[in-house]
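The following paragraphs lead the reader through a single protein chain, from its interior to its sheets and helices. Please keep the sequence and the model in view while reading.

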Amino acid sequence: MELARNAEVLQQCSHWIEMVFESISAVGTKFAEIVQPHVDETQSINIASATRKDLFLAAANYLEQHPADGVGLIFQRELMAASSPELEWWIRDGEKFTRQEFVNDPDSPLFYDYEQLEWFRGGFGAEARTVAGPYIDYLGVNDYVTTWTIPFVIHDRTVGVVGIDIKISTLEKVLIPKLLKAVDRRAALVNENKQIIVSTIGPLPSGTLVETVPEGYVVLPLEVDKLDLALLVKSE
């Protein structure tokens with residue numbers, strides 16, 4: 001019976017996370033349809049204001065339908081025209097959705113050096129599904145978040161990432177009811193860096209680094225394609 005309970009939690013969490021990535025892929029396809037006609041295979045990318053408006057409509061539609069707090073495109077810097085921003089990102093602002101501005105001047109103390117961050121290196125450099133965090137998004141929503149990314153491809157070339165931000169508080173609302181079905185109602189979602197994302201284990205809150213598996217617990221890999229996430233649960 002206990003084995004079945006942990007298996008059910010594993011299946012439910014895996015299914016939900018797979019659905020999130022399917023939604024990112026879908027909005028990425030819409031973004032690509034908007035951007036691709038304006039990108040020459042041999043030239044740098046230049047996002048015009050009219051194109052940006054269409055991207056905003058697609059982003060707003062996504063945010064209306066999904067529990068994300070931000071969504072957008074982030075390009076490799078060297079591919080962008082000098083006049084074109086490298087980030088096209090929109091966030092919730094109360095009942096509205098607004099474009100998030102970032103500082104892209106390397107000489108500024110507020111320079112957003114995103115190409116060095118895990119979510120960009122995974123989605124662009126490794127061309128893989130990536131869940132980065134939890135971390136404090138000081139340059140964005142100023143909250144505890146996770147960033148989910150996949151490669152963004154134009155003309156069969158990976159030019160950046162498409163992704164979303166989900167606050168930890170939002171993940172807790174969705175995942176904690178599932179985790180509470182585990183043995184002893186104790187379980188935690190763990191990322192590939194062995195950092196806890198969401199947890200119902202009192203001594204191990206979000207952000208905790210679990211370098212060794214605690215006594216009495218086991219790690220179960222999630223059944224999500226091309227992603228290294230796991231559940232920490234009480235052993236049977």
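A residue is called buried here when its relative accessible area is under 20%. The model is a predicted one, and the term is applied to its computed coordinates. Thr 146 meets the criterion, because its relative accessible area is 0%. This residue lies in strand 5, which covers residues 144-154.

What surrounds Thr 146, once its neighbours within four places in sequence are left aside? Its contacts are Val 131, Ala 132, Gly 133, Pro 134, Ile 164, Asp 165, Ile 166, Ile 168, Leu 171 and Ile 197. The side chain of Thr 146 also makes a polar contact of 2.9 Å with the side chain of Trp 148.

The strand that carries Thr 146 can now be considered as a whole. In strand 5, 8 of the 11 residues are buried, so the strand is largely enclosed by the rest of the structure. Strand 4, residues 130-136, pairs with strand 5 in the antiparallel sense through 5 bridges. Within this pairing, Ala 132 has Thr 147 of strand 5 as its bridge partner. Strand 5 also runs antiparallel to strand 6, residues 157-167, and 10 bridges join the two. Opposite Ile 154 stands Arg 157 of strand 6. Strands 5 and 6 form a hairpin with 2 residues between them, and His 155 in the turn has a positive phi of about 50°.

Trp 148, the polar partner of Thr 146, leads from the strands to the nonpolar interior. In soluble globular proteins, nonpolar side chains tend to be buried together. The largest nonpolar core of this model has 54 residues, and Ile 17, Phe 31 and Trp 148 touch the most other members. Helix 1, residues 2-35, supplies the largest share of this core, with 13 residues. Beyond residues up to four places away in sequence, Trp 148 touches a set of residues that includes Trp 16, Ile 17, Val 20, Phe 21 and Ile 24. Also among the residues touched by Trp 148 are Thr 130, Val 131, Val 162, Gly 163, Ile 164, Ile 166 and Leu 171. A second core, separate from the largest one, has 12 residues, among them Leu 87, Ile 91, Trp 119 and Phe 120.

Trp 119 and Phe 120 lead on to helix 3, residues 118-125, where they are buried together with Gly 122, Gly 123 and Phe 124. Which elements cover the buried residues of helix 3? The cover includes strand 1 (70-75), strand 4, strand 5 and strand 6. After helix 3 comes Glu 127, with a positive phi near 50°.

Helix 2, residues 49-65, permits a check on its geometry. At 1.5 Å a residue, its 17 residues should span 24 Å, and the end C-alpha atoms are 25 Å apart, which agrees. The buried residues of helix 2 are Thr 51, Arg 52, Leu 55, Ala 58, Ala 59, Ala 60, Tyr 62 and Leu 63.

Attention now turns to a sheet formed by later strands. This open sheet has 4 strands in the order 8-7-10-9, with antiparallel pairing. Strand 8 (196-199) and strand 9 (217-221) stand at the edges with a single partner strand each, so one side of each has no neighbour in the sheet. From one strand to the next, the twist averages 25°. Helix 4, residues 168-179, packs on the sheet and touches strand 7 (187-190), strand 8 and strand 10. The direction of helix 4 makes about 55° with that of strand 8.

How is strand 10 placed with respect to solvent? All 5 of the 5 residues of strand 10 are buried, so this strand is largely enclosed by the rest of the structure. Strand 9 pairs with strand 10, residues 230-234, in the antiparallel sense over 5 bridges. Two positions mark this pairing: Pro 221 stands opposite Ala 230, and Val 218 has Val 233 as its bridge partner. Strand 7 pairs with strand 10 over 4 bridges, also in the antiparallel sense, and Leu 189 stands opposite Leu 231.

Val 190 is found in strand 7. Its relative accessibility is 11%, and it therefore counts as buried. Apart from neighbours within four places in sequence, Val 190 is in contact with Gln 195, Ile 196, Leu 229, Ala 230 and Leu 232. Val 190 and Ser 206 are 16 residues apart in sequence, and their C-alpha atoms are 9.2 Å apart in space.

Terms used:
Residues are numbered from 1 along each chain as its sequence is written. This is a predicted model: local features need pLDDT of at least 70, side-chain atom pairs count only at pLDDT 80 or more; totals for chains, interfaces and linings use all residues. Side-chain values use heavy atoms; hydrogens and water are left out. Buried means under 20% relative accessible area, exposed over 50%, partly exposed in between (1.4 Å probe, protein chains only). A polar contact is a pair of N or O atoms within 3.5 Å; within protein, one must be able to donate a hydrogen and the other to accept it, and residues adjacent in sequence count only if both atoms are side-chain atoms. Contact means heavy atoms within 4.5 Å. A nonpolar core is a set of buried Ala, Val, Leu, Ile, Met, Phe, Trp, Tyr and Cys residues joined through side-chain atoms within 4.5 Å. Two strands pair if DSSP finds at least two bridges between them. Axes are lines fitted to C-alpha atoms, for helices over the stretch in contact, and angles run from 0 to 180 degrees between N-to-C directions. The expected span of a helix is 1.5 Å times one less than its number of residues.
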